[in-house]
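Trainee: I am new to this structure and would like a close look at a single part of it. Could you pick one residue, tell me what surrounds it, and then follow the links outward from there?

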Amino acid sequence: MVRPVHTPDVFDERFHRIARVAIPVALGLVYGYWAAANRRAGGPITGWNILFGFVTALAFIVLCLAVATWAPLLKRELHSGVKSAFAGASIGFLYSQSGDSVLRCAVLGLLVGAAIYVVFFYRYYTREDAEGNRVR
């Protein structure tokens, strides 16, 4: 029987605990700024634009933390599906703020979601057994 090779973890548990929250917060702030910038289309920055950016960032952070918390508890197909649906919807929403048609935004979101699903499913399929236990 071949034993799996485990790579050493250079960070302690405290660092991982902080990163589990800090990374979605940083991504959310960038996402909120990006959505607000798309919405104003190079125009002046207004109070409503700033509010829109912060509300968008807050929604992204909450959803990202929820996906990061509960998606790993699912089987690999659903795990991949939840993460790719979040990514596709996020990209579709960002693109919709540019003022383009809803159909183009939905198609872009579906294409991005499908591509990410393939990548995640392959990753989980090659690194987990049927019950979801890591084999590598």
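**Around N49 and outward**

Mentor: Gladly! Leaving aside residues up to four places away in sequence, N49 touches A36, R39 and R40. Please keep in mind that this is a predicted model. N49 itself lies in helix α2. With a relative accessible area of 8%, N49 is buried, because that value is under the 20% limit.

One of those neighbours is a good next step. A36, which N49 touches, also belongs to the largest nonpolar core. This core has 10 residues, and its other members are Y31, A35, F52, F60, C64, V67, A71, F86 and L94. Three elements each give two or more residues to this core: α1, α2 and α3, the last of which covers 76-96. The largest share comes from α2, with four residues. So N49 is a buried residue that sits in α2 and touches a member of this core.

Now turn from the inside to the surface. V21, V25, L29, I45, I50 and F54 make a nonpolar surface patch of about 550 Å². Two elements each give two or more residues to this patch, namely α1 (13-40) and α2 (47-70). Here the largest share is three residues, and it comes from α1. You can therefore compare the two groups: α2 gives the largest share of the core, whereas α1 gives the largest share of the patch. V21 is a handy example from the patch, and it is found in helix α1. Its relative accessibility is 44%, so V21 counts as partly exposed.

Just after V21 in the numbering comes A22, whose place is also in helix α1. A22 is partly exposed, at 37% relative accessibility. A22 and I61 are 39 residues apart along the chain, and their C-alpha atoms are separated by 9.8 Å.

Between α1 and α2 there is a loop, and A41 has its place in it. A41 is worth a pause, since phi there is near 50 degrees, a positive value in a residue other than glycine. A41 is also exposed, because its relative accessible area of 67% is over 50%.

Let us go on to the other side of the core. A71, one of the core residues, touches A66, H79, V82 and K83 when residues up to four places away in sequence are not counted.

S84 is placed in helix α3, and at 5% relative accessible area it is buried. A polar atom of the S84 side chain lies 2.9 Å from the backbone oxygen of S80. The S84 side chain also reaches the backbone oxygen of G81, at 3.1 Å. Beyond residues up to four places away in sequence, S84 touches G113, I116 and Y117. Next in number is A85, which is found in helix α3 as well. While S84 is buried, A85 is partly exposed, with 48% relative accessibility. Y117, which S84 touches, is 32 residues from A85 in sequence, and the C-alpha atoms of A85 and Y117 are 8.1 Å apart in space.

Finally, look for charged pairs. The structure holds three salt bridges. One joins the side chains of E13 and R20, at 3.6 Å from N to O. In this pair E13 is partly exposed, at 48% relative accessibility. Another links the side chains of R76 and E77, at 3.9 Å from N to O. The two partners of that bridge sit in contrasting settings: R76 is buried at 14% relative accessible area, whereas E77 is partly exposed at 36%. The side chains of D100 and R104 also meet in a salt bridge, with 3.6 Å from N to O. D100 has 28% relative accessibility and counts as partly exposed.

If you want to retrace the route, begin again at buried N49 and step to A36. Then find the core that includes A36, turn to the patch that includes V21, and end at the salt bridges, such as the one between R76 and E77.

Conventions
Residues are numbered from 1 along each chain as its sequence is written. This is a predicted model: local features need pLDDT of at least 70, side-chain atom pairs count only at pLDDT 80 or more; totals for chains, interfaces and linings use all residues. Side-chain values use heavy atoms; hydrogens and water are left out. Patches are made of residues with over 30% relative accessible area and no salt bridge: like charges are joined within 9 Å, nonpolar side chains (Val, Leu, Ile, Met, Phe, Trp, Tyr) within 5 Å. Accessible areas come from the Shrake-Rupley method with a 1.4 Å probe; for residues, only the protein chains shown count as cover. A salt bridge is a side-chain nitrogen of Lys or Arg within 4 Å of a carboxyl oxygen of Asp or Glu. Buried means under 20% relative accessible area, exposed over 50%, partly exposed in between (1.4 Å probe, protein chains only). A nonpolar core is a set of buried Ala, Val, Leu, Ile, Met, Phe, Trp, Tyr and Cys residues joined through side-chain atoms within 4.5 Å. Contact means heavy atoms within 4.5 Å. A polar contact is a pair of N or O atoms within 3.5 Å; within protein, one must be able to donate a hydrogen and the other to accept it, and residues adjacent in sequence count only if both atoms are side-chain atoms.
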